[in-house]
There are 2 protein chains.
Amino acid sequence: MSEARQLCETRKLRLTSRRRQVLEILLASHQPMGAYDILAELNRVNPSAIIAPPIVYRALEFLMSEGLIHRIESRNAFISCVHPGHQCAAQFLICRDCEQVAELEDSDPPLLVEADNLGFAVDHSVVEITGICAQCQKHAG
Amino acid sequence: MSEARQLCETRKLRLTSRRRQVLEILLASHQPMGAYDILAELNRVNPSAIIAPPIVYRALEFLMSEGLIHRIESRNAFISCVHPGHQCAAQFLICRDCEQVAELEDSDPPLLVEADNLGFAVDHSVVEITGICAQCQKHAG
DNA sequence: AACCATTTTGTTATATTATAACGTAACTGA
DNA sequence: TCAGTTACGTTATAATATAACAAAATGGTT
Ligand SMILES: [Zn+2]
Ligand SMILES: [Zn+2]
Ligand SMILES: [Zn+2]
Ligand SMILES: [Zn+2]
């Protein structure tokens with residue numbers, strides 16, 4: 001969170017209270033959350049003024065554009081970034097048993113180099129590996 | 001299509017007329033299509049008996065389970081596989097200008113090896129690189 | 001053929017995810 | 001304080017996907 005604050009100050013961006021709320025919910029979760037889960041959490045914490053989906057989606061859009069969170073495409077869900085402000089492509093290992101998501105800290109995958117060699121100008125990469133984590137395999141075995 | 005037919009015969013699977021229709025639409029498209037685009041195309045071809053979403057989603061599920069098509073997670077869309085029946089993980093380059101999708105024929109990406117080393121049992125991988133293809137860069141430049 | 005079990009298709013309704021459009025409030029710099 | 005801009009709030013609706021159950025087709029068995 002303090003990282004996020006610093007990052008926004010450096011970039012002259014407004015980490016408003018709404019955006020901070022959404023980021024805090026994702027940071028506290030340690031798991032991917034759907035937009036409507038986040039919405040429900042916001043409304044649970046403050047039931048007096050019920051807010052609507054666009055509020056959440058706009059905050060998520062801001063946080064994604066600054067690399068503070070990621071979208072897990074294969075889950076329609078969002079998760080806080082483990083190293084905010086990094087440039088390298090995010091890569092995830094997603095356990096379909098315990099639902100835990102690990103964000104790998106690797107440097108850019110070779111595929112991006114290959115894309116470059118093909119003359120393809122990369123904007124954004126989605127790398128999401130689904131399976132069973134080591135922990136869950138032990139429990140099952 | 002004949003590949004698909006052979007593959008299903010070998011595996012003792014029923015490539016029914018509905019499934020064939022959906023596969024043919026995707027094969028003819030050469031581009032990703034949304035489930036509702038496919039639905040519209042089915043209903044355009046045969047306006048007499050209007051069909052509903054579950055029909056399409058079930059055909060898509062079958063075709064995906066047999067590796068005849070892929071889902072592009074970042075687009076909520078489906079595309080026919082360029083080498084049906086292959087085992088390796090699919091990887092896509094997606095141009096956000098011309099919307100063309102290239103499926104790379106590489107062997108498994110190193111990340112899968114790494115996942116394995118971490119004791120993670122991989123089920124499925126999603127690799128989708130978005131950007132501008134070489135063609136579109138020329139036109140723009 | 002007649003039967004049963006299984007799979008596939010069809011139908012209706014509804015859930016889930018996301019955005020358009022427009023008005024209001026807050027912030028920023030002059 | 002004023003204008004310009006950005007962010008927030010609200011309503012409605014679009015786009016994507018599935019649950020649940022009924023009907024039909026298929027495949028093997030008698
Ligand atoms: Zn990250
Ligand atoms: Zn697990
Ligand atoms: Zn493929
Ligand atoms: Zn292109």
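This section describes the surface near DNA strand C, the site of the zinc ion (ligand 3) and the surroundings of A:Val101 in a predicted model.

The surroundings of DNA strand C comprise 17 residues, of which A:Tyr36, A:Arg71, B:Thr16, B:Arg18 and B:Arg58 come nearest. By class, this surface is made up of 8 nonpolar, 7 charged and 2 polar residues. Three helices each contribute at least two residues to it: α4 (53-65) of chain A, and α2 (17-29) and α4 (53-65) of chain B. The largest share, 4 residues, is that of α4(A).

On the DNA side, sugar or phosphate accounts for 53% of the atoms of strand C that lie within 4 Å of the protein, and bases account for the rest. Polar contacts are made to both the phosphate and the base parts of the strand. In chain A, a polar side-chain atom of A:Tyr57 is placed 3.0 Å from a phosphate oxygen of DNA strand C. In chain B, an N or O atom in the side chain of B:Arg18 lies 2.6 Å from a phosphate oxygen of the strand. The side chain of B:Arg58 is directed to a base instead, with a polar atom 2.4 Å from a base nitrogen of DNA strand C.

The zinc ion (ligand 3) is bound by protein donors from chain B, namely B:His70 (NE2), B:Cys81 (SG), B:His86 (NE2) and B:Glu103 (OE), at 1.9 to 2.6 Å. The spacing of these donor residues in sequence is H-x10-C-x4-H-x16-E. Angles among the 4 donor atoms run from 87 to 136°, and the site is classed as irregular. The tetrahedral class requires all angles to lie between 85 and 135 degrees, so the upper value of 136° places this site outside that class. B:His86 is located in the loop between β2 (77-80) and β3 (91-95) of chain B, whereas B:Glu103 belongs to strand β4 (residues 101-104) of that chain; the pair therefore ties together parts that are 17 residues apart in sequence. Both B:His86 and B:Glu103 are buried.

In chain A, strand β4 (residues 101-104) contains A:Val101. This residue has a relative accessible area of 13% and is therefore buried, the cut-off being under 20%. Leaving aside residues up to four places away in sequence, A:Val101 touches A:Pro32, A:Ile72, A:Ile79, A:Phe92, A:Leu93 and A:Ile94. A:Ile38 lies 63 residues from A:Val101 along the chain, and the C-alpha atoms of the two are separated by 17 Å.

How values were computed
Residues numbered from 1 in each chain as written. Chains lettered and ligands numbered in written order. Predicted model: local features only at pLDDT ≥ 70, side-chain atom pairs only at ≥ 80, totals over all residues. Heavy atoms only, no water. Near = heavy atom within 4 Å. Polar contact = N/O pair within 3.5 Å; in protein donor to acceptor, adjacent residues only side chain to side chain. Nonpolar A, V, L, I, M, F, W, Y, C, P; charged D, E, K, R; others polar. Donors = N, O, S within 2.8 Å, 3.2 Å for Na, K, Ca; no water. Tetrahedral: all angles 85-135°; square planar, octahedral: opposite > 155°, others 65-115°. Buried < 20%, exposed > 50% of the residue type's maximum accessible area, 1.4 Å probe, protein only. Contact = heavy atoms within 4.5 Å.
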